[in-house]
Amino acid sequence: MKNRKLCLAVLAAIIGSGEAMAREDFETMVVSATRGEIDLKDSPASVSVIDAEKIRQMTIFTADEALGRTVGVMNRRTKGFMETTPAITIRGMSQAKDNLILVDGIPQNDANNGQVNWTMIDTENVERIEVLRGPYSSLYGGNAMGGVVSIFTRMPERSGATLKIGVGGSLESTAPEDFRDLAFSGAIKATPSLALGLNYRQRSTAGYPTTHANVSNAVAANLPADVSGATPYTTNIGGASNLVGDTGNNWFEDDTVGFSIKYAPTERTRLDLTMVRSESEYGYDQPHSNLRQTVVHPDLGTIDDISTLSTVPMNSWLNGAVFARGGMAEQDNIGLALTTAWRNLGIKLTVGHIDKQTETYIVGGATPAISPATLVGGDGRIAPATDSNRTHADAQFDLPLLDRHVLTFGGAGTWGELSNERWNLSNWTDPSSRVLKVSDAHGKDQTYALFVQDAWFINDALTAYFGGRQTWWKMKGGEANFYNASGLTRTDSYGETDSSDFSPKASLVYRPTPATTYRTSIGRAFRAPMLFELIQTSGIAGQTFVGNPDLEPETLTSWELGIDHSFANGIDAIATYYQSKAKDLIETVNIPNTTPTEISPRNIGEAEIKGVELELRGPLPLGFSWSANYTWTDAEVTKNELNPELVGKQLTHTPEHMYNLGLDWRNDAWTVSMNHYRQSKRFTRADNLDTVTKVPGSTDAFSLTDLKATYAFSENHSASLGINNVFDEEYRQFYLSPGRFWFVELRSRY
């Protein structure tokens, strides 16, 4: 209550303060909020813009890392570049499937579980990122529960090439070692209206020990009498365990190549064709043991020997049945976008296709067992090998009406397909050593939608937006099969199931002066179940995940009130308060009377989310500028049909407090940027029992300070040095997160 009153007091103070500076130079144009170009200050929604210059002021390697510096957004990249399932939280919506990611208007969320392959979105090719906070199914459909992140790539202005070479590593810390980043982009301006582009990015790191190895009290008690080094600790939920080392350096490598054709024969017509392919692979090196054994050497006498891996179960060193020992991902994206006009009618057509394959390698757990797992082999599993594809088509039309209206309308369709297989391996280090298929599943879905929005310019200061989207969703059926050594043991057949949803939204924007904007809106969003939730099968820690074809879409209703004000001294202030109610939330629960235990998703939850977002920025003398933002989020469960004791608990992966402080300095040759970021603790368990911090497996509050300095030798050549986590704060987001890290890059343009 105290925090809420403080936030509302700050909001009221900003709304009521100062005389605005009557300037005309505020314009920053955005597209996402209305699906048409509009001044940021006229936007009916809360939008933040990250441009290419701001991206280069940060030491980051994927686009989602830039989002973590944005008000209202938490980036869940728990172990840096090596993270394989990153996700962002926007306004309490914390799953990848809850937030829509677009690149040049084409959705990037896959058909499986909405995951986004952030490594294939090359930041070197990004012109700007627009972060649209709040539900926007009225214009964008499903996956837009928390918000929309719209990424725009650059249009080459001339023939030329850019080369970036970067290397980095730890600074006497636990951080990625031997990090290498090579980026090339080239363009041929064949004619004034036709440009061909090629970009290539290769990133790799030897990693660092991200994952702890631990054993129970019983295992620790049975260690040989001459073995020491097992350190007792309290787990994140208050249990007892013993740290014995780590599972090895977590290495990662990625290659991404893209090709584009951009054709703009007139000011009103532009055609973009893009093709991108990404291949990535990750794994772990030799485990590291904290254990010591006293041995007698014939020449050296009594010594301490660290070769004690065999004194504890091998699965403890190799991630066992819970965590992946390695994996790979391959993805191909194709996109086509046409923007043109016929008389007064604006036309935009987009078509995109995602084809994605992933494999996850698990040590041990083959049923029936084949051979004991060792550091160099033994049985294992692929759990799972997944192949998904998604095709999306969208047609948008913009029509001015009666001088004071602009009508935006159109339709969209999405077609998804998923298949996955789980296999036993005779050798976990060799994914081709498949000996028994454990299960497979496949299914398809489709979505069709019609949308409309009316922008009504009531007078020069007041604009109203009314819109809605009607969506028809269908799961077209599927099948899951289970096998043992004797053959097929069970088949689950899924028939067609469908649902429809209407998502309206209304907004009011009042801009009495060029410097001040008031905005308010109310809207509804939905998310149809993903194919993973409907038909997927997967092994998780000795349990079997079984899809549920009877799921209904999740829904969310939200309203917000905001103020955007620019003061006479050049300071800009933006404040937003919002409230949301989510229903039919999908959660994974245990299925009674199943052996082995099966878990499955169900519509059982409701939640209420309230929040405040504050942004401030302004100039300082001598080439300095500053920025600050603060996010307060109260995301609370209000209903849970199967577990009433969860009512009142906080939603997972949603920290209550976040803030960013930024300071930049520029002169003719130098650019220096500093960012300080603070995030409060988040919960990973629905029951919020993971309260213990600063232990292996915990999710801790943390404060990080990053620095980057760039020197331009000339207009086309520069060098930079970045240091992340300057003060080497040690913290965990389950995994041990990166410590102090340095990175040097050289950039040349020809």
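**Exercise 1. A leucine on the surface**

Is Leu 198 buried, partly exposed or exposed, judged by its relative accessibility?

*Solution.* The model is a predicted one, and the exercise begins by placing the residue, which lies in strand E12, spanning residues 194-205. The relative accessibility of Leu 198 is 41%. Buried residues fall under 20% and exposed ones over 50%, with partly exposed in between, and therefore Leu 198, at 41%, counts as partly exposed. The next step is to look at its surroundings: Leu 198 belongs to a nonpolar surface patch, together with Phe 184, Val 257, Phe 259, Met 275 and Ile 334, and the accessible area of these residues together is about 470 Å².

**Exercise 2. The edges of an open sheet**

Determine which strands stand at the edges of the five-stranded open sheet, and why one side of each is left without a neighbour.

*Solution.* Begin with the strand order, which runs E3-E8-E9-E6-E7 with mixed pairing. Strand E3 (46-51) and strand E7 (106-107) are the edge strands, and because each has a single partner strand, one side of each has no neighbour in the sheet. As for the pairing of E7, strand E6 (residues 99-103) meets it in the antiparallel sense over two bridges. Within this part of the sheet, Leu 102 stands opposite Pro 107 in E7.

**Exercise 3. Salt bridges and a shared network**

Describe the salt bridge between Arg 201 and Asp 122, then set out two further pairs, Arg 277 with Glu 279 and Arg 617 with Glu 615.

*Solution.* The structure holds 49 salt bridges. In one of them the side chains of Arg 201 and Asp 122 meet at 2.7 Å, N to O. This pair links distant parts of the chain, since Arg 201 lies in strand E12 whereas Asp 122 lies in the loop between E7 and strand E8 (126-133), 79 residues apart. Both residues of the pair, Arg 201 and Asp 122, are buried.

For the second pair, the closest N and O atoms of Arg 277 and Glu 279 are 3.0 Å apart. Arg 277 has a relative accessible area of 26% and is therefore partly exposed, and Glu 279, at 36% relative accessibility, also counts as partly exposed.

For the third pair, the closest N and O atoms of Arg 617 and Glu 615 are 4.0 Å apart. Here Arg 617 is partly exposed, with a relative accessible area of 33%, whereas Glu 615, at 12% relative accessibility, counts as buried. Salt bridges with shared partners also join Asp 122, Glu 124, Lys 164, Asp 181, Arg 201, Lys 708, Glu 745 and Arg 747 into one network.

**Exercise 4. A buried lysine in a loop**

Establish whether Lys 79 is buried or exposed, and identify side chains with which its own side chain makes polar contacts.

*Solution.* Lys 79 lies in the loop between strand E4 (73-76) and strand E5 (87-90). Its relative accessible area is 4%, and Lys 79 is therefore buried. When neighbours within four places in sequence are left aside, Lys 79 is in contact with Tyr 208, Thr 210, Asn 250, Tyr 284, Tyr 735 and Pro 738. The side chain of Lys 79 makes a polar contact of 2.8 Å with the side chain of Asn 250, and a polar contact of 3.3 Å joins it to the side chain of Tyr 284.

**Exercise 5. A glutamate and a serine**

Compile the surroundings of Glu 177 and of Ser 673, with the polar contact of each side chain.

*Solution.* Glu 177 is found in the loop between strand E10 (160-170) and strand E11 (179-191), and with a relative accessible area of 35% it is partly exposed. Beyond its neighbours within four places in sequence, Glu 177 is in contact with Gly 168, Gly 169, Ser 170, Thr 205, Ala 206 and Gly 207. Its side chain is joined to that of Ser 170 by a polar contact of 2.5 Å. The C-alpha atoms of Glu 177 and Tyr 208 are 6.5 Å apart in space, although these residues are 31 apart in sequence.

Ser 673 sits in strand E38 (residues 670-679), and its 7% relative accessibility makes it count as buried. With neighbours within four places in sequence left aside, the contacts of Ser 673 are Gln 57, Leu 663, Asp 664, Asp 706, Leu 707 and Lys 708. With Asp 664 there is also a polar contact between the side chains, at 3.0 Å from Ser 673.

Terms used. Residues numbered from 1 in each chain as written. Predicted model: local features only at pLDDT ≥ 70, side-chain atom pairs only at ≥ 80, totals over all residues. Heavy atoms only, no water. Helix = DSSP H or I, 4+ residues; strand = E, 2+ residues; numbered from the N terminus. Buried < 20%, exposed > 50% of the residue type's maximum accessible area, 1.4 Å probe, protein only. Polar contact = N/O pair within 3.5 Å; in protein donor to acceptor, adjacent residues only side chain to side chain. Contact = heavy atoms within 4.5 Å. Patch = residues over 30% accessible without salt bridge, like charges linked within 9 Å, V, L, I, M, F, W, Y side chains within 5 Å. Areas by Shrake-Rupley, 256 points an atom, 1.4 Å probe, with all protein chains shown as cover. Pairing = 2+ DSSP bridges.
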